Amino acid sequence: MSEELQGSRALVTGAGHGIGRAVALGLAAAGADVVVHYGKSADAAARTVADIEALGRKAIAVCADVTSTADVNRLLDETVGFLGGLDILVCNAGHLIGRVKVEEMSDEHFQQVVDVNLGATFRTTRAAIGHLAQSVNPRIITMASLAAHNGGGPGSVVYAAAKAGIRGFTKGLAKELGSQGITVNAVAPGYIAETAFHQTFSTEQAQAAMVAGTPIGRAGSVEDVANAVKFLALPASGYLTGITIDIDGGTWPR
Ligand SMILES: NC(=O)c1ccc[n+]([C@@H]2O[C@H](COP(=O)([O-])OP(=O)(O)OC[C@H]3O[C@@H](n4cnc5c(N)ncnc54)[C@H](O)[C@@H]3O)[C@@H](O)[C@H]2O)c1
């Protein structure tokens, strides 16, 4: 087992299942102790915790609504209380909520989509910065999307805009925090098949079309995303900041 992140302390939001779970396990396999944040599924989070512990690392599950500032601030308090500090923050939690055309979208729906993606990234990083500033190898990694480049699939205009906002937020925050040695980077997954996201929101036909539009010729895996996140978290990646890594098999057009 690799030990490149030995002794690191990580918080991964939305780590009960899907991409977040793979990211949490990937960081743990590299030596990190991990706080497994979840929104609703305590059982899934408990499974991630057990799998991390089986790797010989410390883990705990913490529930928080990432659209609530009070919840997110408590999440960071509990994280630092458990880990004794924070080195790596992965803002993975996010949601499409539903496929709705702009002309049919309510103000409330618009606000929810922005809040659970861009808003959650903002309030989680805000609560984490003071802790990360005390780390010798501080990392913030955000979750953008191919949608930020290409506008997304049907009914996901506002989701695409929120993810594009995360790209801009990441670039700007990298400048703001560079002098403190905190790197801020994003990953932008394309079609990652094995999560609730597309199983809930995309037809089989649409999923086949996404594979057909991928030069590598397959859907992405959650491990493809986890590997890129781990790379950005490594001490050796300390001169990379403000970038977005596309994990989309070369999907065109961007
Ligand atoms: N699957 C893909 O193809 C794909 C592509 C690009 C980007 N993404 C992004 O990757 C991230 C993970 O998605 P996934 O595919 O693993 O799907 P997922 O639905 O399994 O994961 C989303 C996670 O966000 C959490 N979450 C959502 N709303 C929350 C809230 N209000 N409070 C707390 N937690 C909340 C959920 O609990 C869940 O763990 C998301 O940000 C998504 O937008 C996914």
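Let's start with Cys63. Its sulfur has Cys91 as the closest cysteine partner, and the gap between the two sulfurs is 17 Å, so it is too far for a bond. Keep in mind that this is a predicted model.

A disulfide is a covalent bond between the sulfur atoms of two cysteines. To be counted here, the two sulfurs have to lie within 2.5 Å. Now take it from the other end. For Cys91, the closest cysteine sulfur belongs to Cys63, again 17 Å away and too far for a bond. The total for the structure is 0 disulfides.

How exposed are these two cysteines? Cys63 has 33% relative accessibility, so it counts as partly exposed. Cys91 has 3%, so that one counts as buried. The cut-off for buried is under 20%.

Next, the ligand. There are 27 residues around it. Which come nearest? Ile19, Asn92, Tyr159, Ile192 and Thr195.

Now the polar atoms. Tyr159 puts a polar side-chain atom 2.6 Å from a ligand oxygen. Ile192 works through its backbone: a polar atom there sits 2.9 Å from an oxygen of the ligand. Gly94 also uses its backbone, with an N or O atom 3.3 Å from a ligand oxygen.

How much of the ligand does the protein bury? On its own, the ligand exposes 800 Å², and the protein buries 91% of that.

Which elements build the shell? Three helices give two or more residues each: H1, residues 18–29; H6, residues 157–177; and H7, residues 196–201. Tyr159 falls within the H6 range, 157–177.

And the make-up of that shell? It has 12 nonpolar residues, 13 polar and 2 charged.

Last stop, Asn137. Where is it? In the loop that runs between helix H4, residues 107–132, and strand S5, residues 139–143. Buried or exposed? Asn137 has 14% relative accessibility, so it counts as buried. The threshold, once more, is under 20%.

What does the Asn137 side chain meet? It makes a polar contact of 2.8 Å with the side chain of Arg139. Now set aside the neighbours within four places in sequence. Asn137 is then in contact with Asp87, Ala233, Leu234 and Pro235.

To recap. The structure holds 0 disulfides. The protein buries 91% of the area that the ligand exposes alone. Asn137 is a buried residue, and that residue sits in a loop.

How values were computed. Residues numbered from 1 in each chain as written. Predicted model: local features only at pLDDT ≥ 70, side-chain atom pairs only at ≥ 80, totals over all residues. Heavy atoms only, no water. Near = heavy atom within 4 Å. Polar contact = N/O pair within 3.5 Å; in protein donor to acceptor, adjacent residues only side chain to side chain. Areas by Shrake-Rupley, 256 points an atom, 1.4 Å probe, with all protein chains shown as cover. Helix = DSSP H or I, 4+ residues; strand = E, 2+ residues; numbered from the N terminus. Nonpolar A, V, L, I, M, F, W, Y, C, P; charged D, E, K, R; others polar. Buried < 20%, exposed > 50% of the residue type's maximum accessible area, 1.4 Å probe, protein only. Contact = heavy atoms within 4.5 Å.
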